[in-house]
Structures are given as C-alpha cells and as structure tokens.
Amino acid sequence: MVRQSTIETSTFGSEFVALKIATEQLEGLRYRLRMMGIPLQGTANTFCDNGSVVNNVTDSTSTLTKKHNALAYHKVRETVAAGTQRIAHEFGRFNLSDVLTKNLPVYKHKACCSSILH
C-alpha cells in the first residue's frame, strides 16, 4: 500500500490521486509480468466508489474543471485510452473494502466480513 504524499481538501481530488497511484502500480505490475515472459491479454478492471471520478475518466468528452487534478486525470485517461485499464463504478452497498476503512453498522460489517471470508 502506498500512502498519498499530498493532502487533498475534496473527496474528488483524493479519489483521483488514489486512482493515479493505483494506475501507476498497475503499470508497474504489468511491466514486471511481461519482463518475466508472462503474456498479458485484455484490460485490468479498476473499481472506484466515486461516480464523478469514474464519469470524468471514462467519458472522453468530459473536461476537467479542477486544474490541480490535471496530472492525475491525464495519467489515468492515458491508460483508459490505451485499453490497459477499465474504470468502473463500485456502489457503496457492494464495496467490500469499506470494512477495512470505515466504521460500519453491525449488520453491514457482518455482511462484508461474511462475503470476504466465505
């Protein structure tokens, strides 16, 4: 896990930075696998729980209004356009990583844990 080296004041910005970090890790992993002679086919699926970020990255006609996120935006858009990465929206009620990052109600915590463990 790589920690973000910047502080963002908005969820949109922090999700974009996290997506850029995940994209860079994905590119590194794909490179290492190719160097070991493992053929790679298709795209890698990446799930994001922020609908605005997903819409901005997947829609080629969308424009970025927040210029300080431009580097992260272009890095992720590059991999989407190249076909190495597909970004999809993960709805909150299905997001299993919430059990690791949020204080959930008991019923949701149990549902997430049972989905992961079984």
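## Overall layout

The chain holds five helices and two strands, where helices (H or I, at least four residues) and strands (E, at least two) are DSSP runs numbered from the N terminus. Read from the N terminus, the order of elements is α-β-α-α-β-α-α. Do keep in mind that this is a predicted model, in which local features need pLDDT of at least 70 and side-chain atom pairs count only at pLDDT 80 or more, while totals for chains, interfaces and linings use all residues. Residues are numbered from 1 along each chain as its sequence is written, and side-chain values use heavy atoms, with hydrogens and water left out.

The C-alpha trace spans about 40 × 40 × 25 Å along its principal axes. Of the 118 residues, 30% count as buried; buried means under 20% relative accessible area, exposed means over 50%, and partly exposed lies in between (1.4 Å probe, protein chains only).

## Contacts, surface and charge

Take the contacts with a separation of 6 or more: residues 24 or more positions apart account for 58% of them. A contact here means heavy atoms within 4.5 Å.

About 8,200 Å² of the chain is exposed, and carbon and sulfur atoms supply 57% of that area. Accessible areas come from the Shrake-Rupley method with a 1.4 Å probe, and for residues only the protein chains shown count as cover. As for charge, the mean positions of the 14 positive and 9 negative charges are 3 Å apart. Lys and Arg count as positive and Asp and Glu as negative, without His and the chain ends; each charge is placed at NZ of Lys, CZ of Arg, CG of Asp or CD of Glu.

## Helix H1

Helix H1 (11-35) has 25 residues and reaches 36 Å from its first C-alpha to its last, close to the 36 Å expected at 1.5 Å a residue. The expected span is 1.5 Å times one less than the number of residues in the helix.

The buried residues of H1 are Phe12, Gly13, Phe16, Val17, Leu19, Ile21, Thr23, Leu26 and Arg30. These buried residues pack against S1, H2, H3 and S2. After H1 comes glycine 37, with a positive phi near 85°.

## Helix H2 and the loop before it

In H2, the buried residues are Val53, Val54, Asn56 and Val57. Viewed down the axis of H2, they fall within an arc of 165°, so they line one face of the helix; the arc is that of the directions from the helix axis to the C-beta atoms. Their packing partners are H1, S1, H3 and S2.

Valine 54 sits in helix H2 and counts as buried, at 7% relative accessibility. Not counting residues up to four places away in sequence, valine 54 touches Cys48, Ile87, Ala88 and His89. Its C-alpha lies 9.9 Å from that of arginine 86, with the two positions 32 residues apart in sequence terms.

Aspartate 49 belongs to the loop between strand S1 (44-48) and H2. This aspartate is partly exposed, at 33% relative accessibility. Leaving aside neighbours within four places in sequence, aspartate 49 is in contact with Glu15, His89, Glu90, Asn95 and Lys102. By contrast with those contacts, the C-alpha atoms of aspartate 49 and arginine 32, 17 residues apart along the chain, are separated by 28 Å.

## Helix H3

Helix H3 covers residues 70-82, and its 13 residues should span 18 Å at 1.5 Å a residue; the end C-alpha atoms are 18 Å apart, which agrees. Ala72, Tyr73, Val76, Arg77, Thr79 and Val80 are the buried residues of H3. They cover an arc of only 165° around the axis, which puts them on the same side of H3. The face turned away from that buried side carries the exposed residues Leu71, Ala81 and Ala82. Cover for the buried residues of H3 includes helix H1, helix H2 (51-58) and strand S2 (85-89).

Threonine 79, in helix H3, counts as buried at 3% relative accessibility. Beyond residues up to four places away in sequence, threonine 79 touches Thr23, Glu27, Thr84 and Gln85. Alanine 70, also in H3, counts as partly exposed at 22% relative accessibility. The C-alpha atoms of alanine 70 and cysteine 48 are separated by 18 Å, the two residues being 22 apart along the chain. Just after H3, glycine 83 takes a positive phi of about 85°.
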